[in-house]
Structures are given as C-alpha cells and as structure tokens.
Amino acid sequence: MSRVDALAEIERAGVVPVVTIDKIEAALPLADALLAAGLPVIEVTFRTSIAAEVIRTLSLQRPQLLVGAGTILSIDQLQAAKRSGARFAVSPGLNPAIAAEAARIELPFIPGVATPSEIELAMSLGCRLLKLFPAAILGGPALLKILAGPYGHTGVRFMPSGGVTSDNLADYLAAPLVSAVGGTWIASKPLLDAENYSEIGACSRSAVETVSRVRDAI
C-alpha cells in the first residue's frame, strides 16, 4: 500500500482507534470487533513489549485491517514497525530524524505537532497529515479553525488526538482541515482488560455513525 493509499484510507475511516495491547490474545478479537463495526483501521502503540508482535499478527491474519504503529519515539521502533507490517506510523512529537527515516523506508509518517513552527517544519520534511497533540489542551476545534487561516491553502491535514471523546467527536470532525481523529475511548484499557469486545464494537459503530452524519452535513 502506498503512502497516498494509507493516508486516504485513514481519511475515509475518519476515526483511528489508538490502542495499547499488552496481551497478544486480545489482538484478533479486537480486530474482529472493529471490522464488524465498519472501522477498518487501528493504531497499535509501542507502549508495550509486544507491540511489534501484535502488528505482525494483525497484518498477517487480518489483512483487511489497516494497521499502523503509534507512539513511535525512535528509529529502531520505526524500523520494527515496518518489518512487522505496519502501513503507517504515528509519533506524539516531531523528530526530524524519524521523519527522514520514514521517508527513506517509504512508511507513511504522521508526526505530532503543537505549534505553527512545528507544522511548518513537518511540511518541510514532506509530511502532510499531522497529529495535533494534545488537541484538547491546545484549543481543540477552535484552534483548528484558526490554523485553517494560514494553512488551509497548503494541503496540510490534521489528525487531532489527545482529549477526543465520543462527546466531542462531531465537533472535531466538523473542524477545518481534519482528515480523521485519533482516540483511545473506542478500545480503552478497561474495555480490553475486561475483554468487553461487544462494548468496543458498540463504541466503534457509534463513531462510524458520527463520521457519516457529520460528513453528510458538511
């Protein structure tokens, strides 16, 4: 899958579940819950020792799921994500060395940004989908509206994350320049620990319905 294809798939989905999995047994039931709800994308964070194994398992056994790697903080993690089959990578911040390596290995990379200077640095590194993080603290949808002024003509898009919930999802999706949102509420740690895949499915369906409703209204 090309860079453009992966980012286009993220935009089509509108919501990217950000998930921390600490038991490999949870990977496939979680994937099946997301897919059954019509949400074919996941960001597996590198916050556990089995993140690469989870990505590999999902990539091989659920190829219809767009699997990405999150919380990428080093080039080693980025390379491990690529070897494991990740089709995109996300960082909470902007590390030019990681961005350069992602371009070299042709892995679509979504860096985290919080300021106009970081936005412009990311753009200079060839990144066009940026993770606004932590979105809620930075100003949420109101900030995105302001950023559309100087950057709306550039082609840059945002994936806000950090404080996005089911309650404010529609506000973020309706904000200018938003491609998709990232959020942990869909498959939170308590839901995963309880193996509550039915509730994860319900959260996923609700998110999919919100994406459809908001986009139909725009």
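# Exercises on strand β3, its surroundings and selected residues

Thr 71 lies in the loop that runs between β3 and α4. Helices (H or I, at least four residues) and strands (E, at least two) are DSSP runs numbered from the N terminus. The model is predicted, so local features need pLDDT of at least 70 and side-chain atom pairs count only at pLDDT 80 or more, while totals for chains, interfaces and linings use all residues. Residues are numbered from 1 along each chain as its sequence is written, and side-chain values use heavy atoms, with hydrogens and water left out.

## Exercise 1: the backbone at Thr 71

Find the phi of Thr 71 and decide whether the residue is buried or exposed.

Step 1. Phi of Thr 71 is near 55°, which is a positive value in a residue other than glycine.

Step 2. Most residues other than glycine have a negative phi.

Step 3. Buried means under 20% relative accessible area, exposed means over 50%, and partly exposed lies in between (1.4 Å probe, protein chains only). The relative accessible area of Thr 71 is 13%, so the residue is buried.

## Exercise 2: the setting of strand β3

Work out how many residues of strand β3 are buried, and which strands pair with β3.

Step 1. Strand β3 covers residues 66–70, and five of the five are buried, so the strand is largely enclosed by the rest of the structure.

Step 2. Take the two faces separately. Leu 66, Gly 68 and Gly 70 are buried on one side, and Val 67 and Ala 69 are buried on the other.

Step 3. Look for paired strands, meaning strands with at least two bridges between them by DSSP. Strand β2 (residues 41–45) runs parallel to β3 and is joined to it by five bridges. Within this pairing, Gly 70 in β3 stands opposite Thr 45.

Step 4. Strand β4 (residues 88–90) also pairs with β3 in the parallel sense, over two bridges. Here Ala 69 has Ala 89 in β4 as its bridge partner.

Step 5. Trace the connections. Helix α3 (residues 51–61) lies in a right-handed β-α-β unit with β2 and β3. Helix α4 (residues 75–84) belongs to a right-handed β-α-β unit with β3 and β4. A crossover is right-handed if, with the strands pointing away from the viewer, the path from the first strand over the helix to the second runs clockwise.

## Exercise 3: the surroundings of Glu 101

Place Glu 101 in the secondary structure, then list what Glu 101 touches.

Step 1. Glu 101 is part of helix α5 (residues 96–104).

Step 2. Relative accessibility is 11%, so Glu 101 counts as buried.

Step 3. A polar contact is a pair of N or O atoms within 3.5 Å; within protein, one must be able to donate a hydrogen and the other to accept it, and residues adjacent in sequence count only if both atoms are side-chain atoms. The side chains of Glu 101 and Arg 104 make such a contact at 2.8 Å.

Step 4. With neighbours within four places in sequence left aside, Glu 101 is in contact (heavy atoms within 4.5 Å) with Ile 75, Leu 78 and Gln 79.

## Exercise 4: salt bridges

State how many salt bridges the whole structure has, and examine three pairs: Glu 195 with Lys 23, Arg 62 with Asp 32, and Lys 189 with Asp 193.

Step 1. Apply the cut-off: a side-chain nitrogen of Lys or Arg within 4 Å of a carboxyl oxygen of Asp or Glu. The search of the whole structure finds six salt bridges.

Step 2. In the salt bridge between Glu 195 and Lys 23, the closest N and O atoms are 3.8 Å apart. This pair links distant parts of the chain, 172 residues apart: Glu 195 is in the loop between α10 and α11, and Lys 23 is in the loop between β1 (15–19) and α2. Lys 23 is partly exposed at 36%. Glu 195 has a positive phi of about 55° although it is not a glycine.

Step 3. For Arg 62 and Asp 32, the closest N and O atoms are 2.6 Å apart. This pair also links distant parts of the chain, with Arg 62 in the loop between α3 and β3 and Asp 32 in helix α2, 30 residues apart. Arg 62 counts as buried at 18% relative accessibility, whereas Asp 32 is partly exposed at 35%.

Step 4. For Lys 189 and Asp 193, the closest N and O atoms are 2.7 Å apart. The two residues are four apart in helix α10, so about one helical turn separates them.

## Exercise 5: a cis peptide bond

Where in the chain is Pro 134, and is the peptide bond before it cis or trans?

Step 1. Pro 134 is in the loop between β7 (129–132) and α7 (135–138).

Step 2. The bond from Phe 133 to Pro 134 is cis, with omega near -10°.

Step 3. Most peptide bonds are trans.
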